[in-house]
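Work through the exercises below with the structure open. Each task is followed by a solution in steps.

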There are 2 protein chains.
Amino acid sequence: MAGAGSAAGSVPGVPGQPVVVRALSLLAQFTEQRRALNLSELARLADLAPATALRMVRHLTEWGALEKLEDGRYVVGVRLWEIASLSPRGHGVRQIALPYLEDLYEVTRHHVLLAVREGHEAVLIDRLSSRTATEVAYRVGGRMPLSTTAVGQVLLAYTAPDVQEELLAQPDGEGGGPGRVPAKDLRALLAEVKQAGAAVVRRTHPSQTVSVAAPIRGAGGDVVAALSIVVPDAATQAHEMVPLVRASALAISRSLGHQGKASGAWRHPAPAARGNSSA
Amino acid sequence: MAGAGSAAGSVPGVPGQPVVVRALSLLAQFTEQRRALNLSELARLADLAPATALRMVRHLTEWGALEKLEDGRYVVGVRLWEIASLSPRGHGVRQIALPYLEDLYEVTRHHVLLAVREGHEAVLIDRLSSRTATEVAYRVGGRMPLSTTAVGQVLLAYTAPDVQEELLAQPDGEGGGPGRVPAKDLRALLAEVKQAGAAVVRRTHPSQTVSVAAPIRGAGGDVVAALSIVVPDAATQAHEMVPLVRASALAISRSLGHQGKASGAWRHPAPAARGNSSA
DNA sequence: AGTGCATTTTCACTCAGTGAAAAGTACGAT
DNA sequence: ATCGTACTTTTCACTGAGTGAAAATGCACT
């Protein structure tokens, strides 16, 4: 490859980025607000020469990662979606958790959320909402802050200490939105969450709501996702919800192959592959 | 790059495949049955030198397209899932169609399917199924043949003639499974489907069922997806379902911005972006 | 200690990828 | 019609990013 940023102009900030990463960075330019992009936008956003962007976009399109609209703009393709649906932490947990989410929704008739941690944020894997429920700020596939949401706090509380430190060390950068919590308080908060096996967060912003979240464990015993319900503040005493959410989360954990507590006294024959071959 | 297939051994069949495509072909090795692959499997399946596969897999992992398990195997990452959730023809239609699918499900209590065409097959975008309903063969994110399924026939019937010809010209290759239909009969069948605005397929294989599918149109007026219900053969006269499915499909089409028939006499102010910013 | 298999590092070679520039295309304004 | 602007696509000579064989390392059985 030519001097990506060596000799000529280009941005010295991104000199020798591998081709693969550059191609992926094109995909990363698509967001909720920007679902369709034309070539020059893509090139500009990804900081690539138009000719380079064109070549890559063509390869991506040819393969199906992108699709070209009639107006010349590009959108994320079904082929990519198809493969992404094999993501264990994406559609994977969703598939298994869905029936339980539905039960929880059936019983409460409030928002039910399922999220996993991805880097310094939580990603919303699925959401069930009645059309008449209160508004929620997040969409499926979108990201939510770790420290200020119930699911986020649960995921954070059960994260390996080293990663946790890394996150707590962060200044206020990123999503330091409304309810920014000082690292000190957060540390204490996370301890409480772990203690209680659930997080309860009161919110006033989009509307008056209370979220209750609990951890979901995988076969390995570590927390792989978080389950949450969001109820209008006026509704039931929020804390009454804690056992319900925890129980549902435990049920999902069991479906994922988690063997209850670490008291490995006896074991079932083996939950085996559990191919979730249906859905 | 070195002579991918020029001088030395290697497979002469895939000589100068672009890097991007090769990287993507690694992703393409993941399937329903093979959700976790180790490096050598990936290298073998994608026909790459181990060293090359390693380098690429590292880039993919670094970026989040893949995730490395503790046992060293790789799985599709959440980051990819996240971006794929922006696919208009994937999660996009799903988001908009979901409420209507739910209504249809509520009323019938049978399987409800949503699918789009991708190349020579249909991809199942979403499925609602009661736990007690009859079995279905396909999973969300999976592929189904065009010519032998109700959704497939609908998608095929409304495909641009040139693509249609290309598909009909095919020998028996691909999914030529149980109910292989001769090209001639299929042509007539598709005409009927277009005439009726729906496809009805009777099936005996996994179980005795009847599928009824209808086309969903996008803002441009062309068919972008197909809606279907699958009922046990014993149930209601299948043909009674046709109006129901067609009506649901029309409702979804409207939500997608389709302006009814092509009688472009008057127009609404503009359905605008319809950001489906919720979900 | 020894065998077999997977992962990772090394290294010299070279061709796939690069980007500036120019040509082609589409659309609007004047 | 004629010019202007912005986007897309082609061309081309250059070169360093990517390549893969081979060797080293690591790991799990035996």
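**Exercise 1. Describe the fold of chain A in numbers.**

Solution. The model is predicted. Start with contacts in chain A between residues at least 6 apart in sequence: 51% of them join residues at least 24 apart. Next, assign secondary structure, which gives nine helices and eight strands for chain A. Then take burial: of the 279 residues in chain A, 49% are buried, where buried means under 20% relative accessible area. Last, the accessible surface of chain A is about 13400 Å², and carbon and sulfur atoms account for 54% of that surface.

**Exercise 2. Determine the extent of the interface between chain A and chain B.**

Solution. Count the residues in contact: 62 of chain A and 62 of chain B. The area buried between the two chains is about 5300 Å², with 62% from carbon and sulfur atoms. On the side of chain A, the residues losing the most area to chain B are Arg35(A), Trp81(A) and Leu86(A), together 14% of what that side buries.

**Exercise 3. List the polar links and find which elements of chain A supply the interface.**

Solution. Between chain A and chain B there are four salt bridges. One of them pairs Arg89(A) with Glu67(B), with the closest N and O atoms 2.8 Å apart. Polar contacts between the chains join eight residue pairs, both residues at pLDDT 80 or more. Elements of chain A that each supply at least two residues to the side touching chain B include helix H1 (19-27), helix H3 (50-63) and strand S3 (111-118). The largest share, ten residues, comes from H5(A). Sorted by class, that side of chain A holds 30 nonpolar, 15 polar and 17 charged residues.

How values were computed
Residues are numbered from 1 along each chain as its sequence is written. Chains are lettered from A and ligands numbered from 1 in the order in which they are written. This is a predicted model: local features need pLDDT of at least 70, side-chain atom pairs count only at pLDDT 80 or more; totals for chains, interfaces and linings use all residues. Side-chain values use heavy atoms; hydrogens and water are left out. Contact means heavy atoms within 4.5 Å. Buried area is the accessible area (1.4 Å probe) that two parts lose on being put together, summed over both. A salt bridge is a side-chain nitrogen of Lys or Arg within 4 Å of a carboxyl oxygen of Asp or Glu. A polar contact is a pair of N or O atoms within 3.5 Å; within protein, one must be able to donate a hydrogen and the other to accept it, and residues adjacent in sequence count only if both atoms are side-chain atoms. Helices (H or I, at least four residues) and strands (E, at least two) are DSSP runs, numbered from the N terminus. Ala, Val, Leu, Ile, Met, Phe, Trp, Tyr, Cys and Pro count as nonpolar, Asp, Glu, Lys and Arg as charged, and the others, Gly among them, as polar. Buried means under 20% relative accessible area, exposed over 50%, partly exposed in between (1.4 Å probe, protein chains only). Accessible areas come from the Shrake-Rupley method with a 1.4 Å probe; for residues, only the protein chains shown count as cover.
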